[in-house]
Amino acid sequence: MTQAPGLPAALAHPFSPAGRLDPYPAYDWLRGHRPVYRDPMTGLWLVTGYADCTALLKDPAFSAAAGQRERAREDDLPVSMLTTDGTGHARLRAPGALLLGPAALASVAGAIAADADALLDRAAARGRLEDAVEQLGAPLATAVLGRLFGLPEEQWDTLGALGRAVSLNLDPMAPPPVASLGRAAMGELTRYLDGHLDTAPPSPLARLAADPRLTRQEVLGVLGLAVVGGWQPLAESVGNALYWLLPRPEVRAALRGAGPEEAGTLMDELLRLEAPIPFTARVTVRAAELPGGRIPAGQRVLAVLAAANRDPAVFARPAELLPSRRPNPHLAFGAGPHFCLAARLVRETGALLLARIVRRFPAAALAGPGARWAPTLIPRRLTGLAVDLGAPAPVAARSAAVTGRA
Ligand code: HEM
């Protein structure tokens with residue numbers, strides 16, 4: 001493949017300070033002109049087309065294990081699903097379903113719905129959220145992990161603090177001092193979870209820990225990955241979703257009357273538009289042929305999920321929120337063997353929370369222009385997302401939220 005010219009000078013590089021806040025113009029150009037592009041600034045290959053990203057994520061020539069090792073080479077962290085490929089990966093993933101599969105989800109769904117209601121009770125007492133991610137998204141993410149792990153509520157503050165600390169590991173371009181803090185936090189999280197394994201009450205975690213297919217270290221690896229890969233993306237997905245949802249009265253109105261399936265369809269669309277994990281890393285273990293171009297062996301590659309999610313070849317009116325978009329084969333959860341094991345959990349939890357918010361607070365609106373995209377690369381996230389909740393609906397009008405319909 002001939003060397004690609006750089007991005008047009010008028011476009012901010014997606015990893016530059018301006019591009020981090022709004023990477024979509026550069027992604028659009030790359031997808032249209034160079035869907036498989038070797039970026040001279042970083043040496044990384046950026047894959048932005050939908051067909052190319054899906055092919056890449058399913059092709060064993062692109063190693064997730066090598067992709068992760070590349071960014072965490074000084075780690076001695078336990079192995080996990082994202083640090084393995086092929087049969088080693090499948091061996092870990094099958095028991096991982098004990099933690100995150102449908103039965104695990106069913107066992108905690110009622111408690112999570114009650115946790116969401118309790119968070120909204122607290123929000124109602126204040127009438128306003130100064131920061132919807134801090135006051136709703138983060139505590140909800142902690143509650144979800146707390147329920148899956150069977151942790152008593154008095155330990156949730158510790159879990160939330162650890163979740164926040166290990167999230168430093170998400171950003172692949174974090175400067176070395178930050179990366180080193182992230183690694184230290186990961187060690188602390190692993191020790192904390194290790195101390196909990198033998199005494200965990202009946203819970204998805206306890207079922208995983210009792211599974212004879214995994215060693216103790218492997219169990220800890222799966223749990224650690226759930227915290228690193230799950231806590232902050234789930235927390236931030238709430239902010240990203242509210243940012244798109246609240247300014248659209250017609251979408252809020254439709255969600256008020258929606259059942260779980262329609263609410264889930266909307267959640268998918270919100271995840272497509274603002275994927276909290278905008279890209280994921282791989283390394284080519286041999287030369288690979290994608291629809292949009294060839295990548296030699298030994299290259300570091302990013303599947304840019306956020307760019308693929310707005311590919312006009314797959315999604316009509318790709319930059320718009322179409323709440324009933326179906327099918328919606330977005331890549332916010334990845335694709336192929338590493339497809340997010342918690343996709344259903346995230347979709348259902350998000351749908352449940354959003355439906356409750358619009359039913360309980362029909363006039364909820366973004367408050368002021370304070371929300372800003374943070375300059376972090378992963379996750380894509382907002383800071384200062386203030387929400388004015390407005391007058392709560394009479395209890396009878398929101399009974400659907402209380403009975404847990406969506
Ligand atoms: C909005 C929230 C979330 C998003 C956008 C998301 C996205 C993703 C993506 C894109 C991948 C694939 C990574 C790759 O191919 O390199 C992935 C994998 C994974 N996610 Fe999620 N995730 C979310 C929440 C969660 C949560 C809450 C958990 C657990 C509690 C979780 C657990 C996992 C695991 C275990 C994997 C690895 C699966 C494997 O390698 O086989 N995720 N996630």
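Trainee: How far is an oxygen atom of the ligand from an N or O atom in the side chain of R93?

Mentor: The model is predicted, so local features need pLDDT of at least 70 and side-chain atom pairs count only at pLDDT 80 or more, while totals for chains, interfaces and linings use all residues. Residues are numbered from 1 along each chain as its sequence is written, and side-chain values use heavy atoms, with hydrogens and water left out. A polar contact with the ligand is a pair of N or O atoms within 3.5 Å. For R93 the distance is 2.7 Å. A polar side-chain atom of H89 lies 2.6 Å from a ligand oxygen, and one of T280 lies 2.5 Å from a ligand oxygen.

Trainee: How many residues surround the ligand?

Mentor: A residue is near a molecule if one of its heavy atoms lies within 4 Å of it. Here 26 residues surround the ligand, with H338 and C340 among the closest. Helix α11 gives the most to this shell, seven residues. Helices are DSSP runs of H or I, at least four residues, numbered from the N terminus.

Trainee: Which helix gives the most to the largest nonpolar core?

Mentor: In soluble globular proteins, nonpolar side chains tend to be buried together. A nonpolar core is a set of buried Ala, Val, Leu, Ile, Met, Phe, Trp, Tyr and Cys residues joined through side-chain atoms within 4.5 Å; buried means under 20% relative accessible area, exposed over 50%, partly exposed in between (1.4 Å probe, protein chains only). The largest core has 105 residues, and F149 and L223 are among those with the most contacts inside it. Helix α11 (residues 216-245) gives 15 residues, the most, to this core.

Note on methods:
Helices (H or I, at least four residues) and strands (E, at least two) are DSSP runs, numbered from the N terminus. A polar contact is a pair of N or O atoms within 3.5 Å; within protein, one must be able to donate a hydrogen and the other to accept it, and residues adjacent in sequence count only if both atoms are side-chain atoms.
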